[in-house]
Amino acid sequence: MLVRKVPGFIPASPWGLRLPQKFLFLLFLSGLVTLCFGALFLLPNSSRLKRLFLAPRTQQPGLEVMADAAGHPLAHEQESPPNPAPAAPAPGEDDPSSQANTRRRKGWLRRTHPTGLREEATAARSSGVAALRPQEESIPFSFDFSAFRSRLRHPVLGTRADESKEPQSRVRTQREKIKEMMQFAWQSYRRYAMGKNELRPLTKDGYEGNMFGGLSGATVIDSLDTLYLMGLKEEFQEAKAWVEESFHLNVSGEASLFEVNIRYIGGLLSAFYLTGEEVFRIKAIKLGEKLLPAFNTPTGIPKGVVNFKSGSNRSWGWAMAGSSSILAEFGSLHLEFLHLTELSGNQVFAEKVRNIRKVLRKIDKPFGLYPNFLSPVSGNWMQHHVSVGGLGDSFYEYLIKSWLMSAKTDMEAKDMYYEALEAIETHLLNVSPGGLTYIAEWRGGILDHKMGHLACFSGGMIALGAEDAKEEKRAHYRELAAQITKTCHESYTRSDTKLGPEAFWFNSGREAVATQLSESYYILRPEVVESYMYLWRQTHNPVYREWGWEVVMALEKYCRTEAGFSGIQDVYSSIPNHDNKQQTFFLAETLKYLYLLFSEDDVLSLEDWVFNTEAHPLPVSHLDSSSRAGGRL
């Protein structure tokens, strides 16, 4: 401060202030500083300023939900990936080494619509999932895609990936026919229903349904790996572009935990493992987080329905008056959720499904059997109805596949599977007077002598697990698998269309046929051809390819329409009455299993891959013991 010198004036201090004035000035200055810092820490929305002064909290990688990113403009413009992965070869160009250093980031840099981050953050908090801060989103979780591909024991598409160099043969002609069917099904969907969940081929429009909570494009997601497998490059790129540009997760309806998991998450996971495209991994992880509120129950057994908007959950109203969870639903999460942990680094997914195992191991089981209805509140069985078909089926499938996917280290899954199979054989297995082996349904000790189409997967499952059974049981299980598969084939051959009914009975002198119209329909189901594929790969008995080709011809004759494939309402009528629905699983499962039936064994080799219950291939964990100890598969 410049002080003008005046005669007779003596300053009280070097700044020209007397002591009382100096005290008041310092008091004012300290108050100003206090006010500024108080505003910095106490006013709303000050978290960004706090991070200038406070060290950020550490955060487990892999979670994409952000607690306070809702107001961040960039968060609404793009879905930032946990990390980029090297791109895999295009369909039909299965040579990972030639493109090992290629990075494709187009998928995750493309601008998309908002993904409902406030809702996702709320769901994350209610699920016990910690949320990421915006600046922590830039810290990626590392998944080494090149290392993963190098651990596979076979090329993904086999050693003869280029069909143009393969000599023409009957098997190649059959395989090309199945490929043409897939191409026709996809092109019909794309033309009339692109972005909808399913195609209605008779009315040439799309159908959304109410299973997926507002999610769209179920046929797209379910078709990705089949298109890739068959080398339909243009169609695969169409599907991938739709996922990048139009598959949004900011939905607010009620969704089936089971269906979203096996179709959407399974399809996205397999698409990532086949291609390395980050968009598939990111979407799978984000969608997995939206399912976590289903597990908010006293036992940790999830309820069947989750509300994407509120994060609430409920059981299906038809499941014991809304009091029960379904064995096949909560028992068919293990494969996908372990891979969500593998690709995100977030242990919550694995913890959820391992807790389900813990509950099931602890609870008493009647005669070693697993009933279909379990209370997610008390953890007790609600009804002693046991079925290897609907309501129970894929629980058993996921036990043996968890063992195989772990590279045969998940001893708990192995023990549970063989114990369950022994109980099923003791209490449910029957042979009809005509010599047909079938698995009945059990209701508190009373048998229903029927088998559902859904139960026909069991022949393939038993064949798949025969190798790792006790040595004295292996041949027995192989024969049992063959006999059950033969019975399911009989349900096809005994119909006028050579397609199987939804359920068939063994009573009143009638065997392997439906006894009422309400069970006589066929909705393009895959379970029978699924078993044909597994039995072919185990035995190379040509009868399974013969049976598979019969199905192809029947589908062409009775289910193919002008604008896609449709189920039929009565397999015992040679004049088809179509149901006007091309199911997503027809493209995901039925056509995929038929194609693999007529392919070499090293195409999606069973040494490297297991198929989820929607036929989406997930890789076996070819890792050393030290990696597995760190929480891997």
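Select Glu198 first: in this predicted model, Glu198 is buried, with a relative accessible area of 6%. Then add Lys581, whose relative accessibility of 23% makes it partly exposed. The two side chains meet in a salt bridge, with 3.7 Å from N to O. Glu198 belongs to strand β1 (residues 198-200), whereas Lys581 sits in the loop between β18 (564-565) and α21 (584-597), so the pair ties together parts that are 383 residues apart in sequence. The structure holds 28 salt bridges, and the next stops show further examples.

**Salt bridges at helix α10 and at Glu490**

Move to helix α10 (residues 257-275) and display Glu259 and Arg263, which stand four residues apart and are thus separated by about one helical turn. They form a salt bridge in which the closest N and O atoms are 2.8 Å apart. Are these two residues buried or exposed? Both Glu259 and Arg263 are buried.

Next, select Glu490 and Arg494, whose side chains meet in a salt bridge of 2.9 Å, N to O. Here Glu490 counts as buried at 17% relative accessibility, while Arg494 is partly exposed, with a relative accessible area of 36%.

**Helix α7 and a salt-bridge network**

Select Lys177, Glu180, Glu556 and Arg560 together; these four residues are linked in a network of salt bridges. Cys559 can be added to the view, where it counts as buried at 0% relative accessibility.

Now display helix α7, residues 170-193. Its 24 residues, at 1.5 Å a residue, should span 34 Å, and the end C-alpha atoms are 34 Å apart, which agrees. The buried residues of α7 include Arg172, Gln174 and Arg175. Colouring by burial will also pick out Ile178, Met181, Met182, Phe184 and Trp186, which are among the buried residues of this helix. After α7 comes Gly195, which has a positive phi, near 95°.

**The disulfide**

Which cysteines does the disulfide join? Select Cys456 and Cys488, which are joined with an S to S distance of 2.1 Å. The pair links distant parts of the chain, 32 residues apart: Cys456 lies in the loop between β14 (450-452) and α17 (458-466), and Cys488 lies in helix α18 (residues 471-493). The torsion about the S-S bond is about -95°, so the disulfide is left-handed. Both Cys456 and Cys488 are buried. The structure holds one disulfide.

**The nonpolar cores**

For the last part of the tour, select Leu215, Val243, Phe247, Leu499 and Leu555, the residues with the most contacts inside the largest nonpolar core, which has 162 residues. The largest share of this core, 12 residues, comes from α10.

Centre the view on Leu215 and show its surroundings. Leaving aside residues up to four places away in sequence, Leu215 touches Asn197, Phe247, His248, Leu249 and Val251. Its contacts also include Val260, Tyr264, Leu287 and Phe308.

Apart from the largest core lies another core, of five residues. Select Val305, Ala319, Ile326 and Phe373, which are among its members.

How values were computed:
Residues numbered from 1 in each chain as written. Predicted model: local features only at pLDDT ≥ 70, side-chain atom pairs only at ≥ 80, totals over all residues. Heavy atoms only, no water. Helix = DSSP H or I, 4+ residues; strand = E, 2+ residues; numbered from the N terminus. Buried < 20%, exposed > 50% of the residue type's maximum accessible area, 1.4 Å probe, protein only. Expected span 1.5 Å × (residues − 1). Disulfide = S-S within 2.5 Å. Core = buried A, V, L, I, M, F, W, Y, C linked by side-chain atoms within 4.5 Å. Contact = heavy atoms within 4.5 Å.
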